[in-house]
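Student: I am new to this structure. Can we go through it step by step?
Tutor: Gladly. Here it is.

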Amino acid sequence: MILLGPPGAGKGTQAKTLSDFWKIPHISTGDILRHAVSNQTPLGQKAQSFMDRGELVPDQLVVDLIRERLNQQDASGGWILDGFPRNVTQADFLDLLLSEIEQPYDRVVNLEVPDEVLVTRMLGRGRKDDTEETIRRRLDVYRQQTAPLIDFYSHRNHLSSVNGNLPMEEVTEELKQIM
Ligand code: AP5
C-alpha cells in the first residue's frame, strides 16, 4: 500500500497500526531521514537543511534509500509506503523499481484532511519541523509537488480516497476495507 496525503494527514499514524495488523514493514522516508539526521550520518547531514526548511530533500537521496530498503528481506512480502513518492519523478522511479523487483503495489490511498485541521494537528505535535512557518512551506510544497500524484495514480485506476478527518480507528477501518 502507498499512503498519500498532506503533512499531518495521519499517514504515519495509520501506517504504524496497519503494519502491526498486517505484519508488514512501515517504510517512512521521513522517519528514515530523521533517524539519519539525529545520528548525523552522511545522508542526515545532506538532508537536514532541506527538512528544517520544509523543502523536499533531493530526489537522488530518497530514491537510493528506497531502493535499498525495498530490497531488504523483510519487505519481500509487502509493505506500506508513507511519504514516498513525493513528486512525479519519484513516482516514475518507483514504478520502475517495483517492476524490477516484481513487487507491484495493490492500492494507493489518499488521506483527505482540511488544511486548518492539519495545521492544528501539527502544531499540537511539536516536531522540529512543526513550526508555523515550516508547516506553511510544507503545505505549499505538498500542493505544488505531491498533490499532482493524485491524478498520476487515479489515471492508473489505483487510487482510493479516504476521509482522514475522522477518529483514528474509523480511518483504520476504512483502510482495511479498501485492501
Ligand atoms: P514526513 O515525515 O514524510 O512528513 P509529512 O509528510 O510532512 O507528514 P507528517 O509526518 O507531518 O504527517 P503524517 O501524515 O505522517 O501524520 P501523522 O500520522 O504524523 O517528511 C518530513 C520531511 O522529510 C519533508 O518535509 C522532507 O524534507 C523530507 N522527506 C520525507 N520524505 C521525502 C521524500 N520522499 N522526498 C523528499 N523529501 C522527503 O499525524 C499528525 C498528527 O495528527 C499526530 O499528532 C497524530 O497523532 C494526529 N492524528 C493522526 N490521525 C489523526 C486523526 N484521525 N484524528 C486526530 N488526530 C490525528
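Student: Which helices each supply at least two residues of the shell around the ligand?
Tutor: Keep in mind that this is a predicted model. A residue belongs to the shell if one of its heavy atoms lies within 4 Å of the ligand. The helices that each supply at least two such residues are α1 (11–22), α2 and α6 (115–125).

Student: Which element gives the most to that shell?
Tutor: Recall that α2 is among the elements with at least two shell residues. Its share is four residues. The element that gives the most is α2.

Student: Which residues come nearest to the ligand?
Tutor: The ligand has 30 residues around it. Five of these are named as nearest. They are Thr13, Thr29, Glu55, Arg125 and Arg138.

Student: How many residues of the shell are nonpolar, polar and charged?
Tutor: Sort the shell by class. Glycine counts as polar here. The shell then holds twelve nonpolar, nine polar and nine charged residues.

Student: What is the distance from the polar side-chain atom of threonine 29 to a nitrogen atom of the ligand?
Tutor: A polar contact needs N or O atoms within 3.5 Å. Valine 57 uses a backbone N or O atom, 3.0 Å from a ligand nitrogen. Glycine 12 has a polar backbone atom 2.8 Å from a ligand oxygen. For the side-chain atom of threonine 29, the distance to a ligand nitrogen is 2.8 Å.

Student: How much of the ligand does the protein bury?
Tutor: Start with the ligand taken alone, which exposes 1,000 Å². With the protein in place, the buried share of that area is 87%.

Student: Where does the ligand sit?
Tutor: To sit in a pocket, a molecule needs more than half of its atoms within 2 Å of the pocket's grid points. The ligand's place is the largest pocket.

Student: Is glutamine 40 buried, partly exposed or exposed?
Tutor: Glutamine 40 lies in the loop between α2 (29–38) and α3 (42–53). Its phi is positive, about 50°, although glutamine 40 is not a glycine. Buried means under 20% relative accessible area, and exposed means over 50%. At 38%, glutamine 40 is partly exposed.

Student: Is glutamate 102 buried or exposed?
Tutor: Glutamate 102 is in the loop between α5 and β4 (108–112). It is not a glycine, yet its phi is about 55°. With a relative accessibility of 69%, glutamate 102 is exposed.

Student: Which peptide bond is cis?
Tutor: Look at proline 85, in the loop between β3 (80–82) and α5 (88–100). Omega is about 0° at a bond there. That cis bond joins phenylalanine 84 and proline 85.

Terms used:
Residues numbered from 1 in each chain as written. Predicted model: local features only at pLDDT ≥ 70, side-chain atom pairs only at ≥ 80, totals over all residues. Heavy atoms only, no water. Buried < 20%, exposed > 50% of the residue type's maximum accessible area, 1.4 Å probe, protein only. Polar contact = N/O pair within 3.5 Å; in protein donor to acceptor, adjacent residues only side chain to side chain. Areas by Shrake-Rupley, 256 points an atom, 1.4 Å probe, with all protein chains shown as cover. 1 Å grid on protein atoms, 1.4 Å probe; cavity = no way out; pocket = protein on both sides within 12 Å on 5 of 7 lines; lining within 4 Å.
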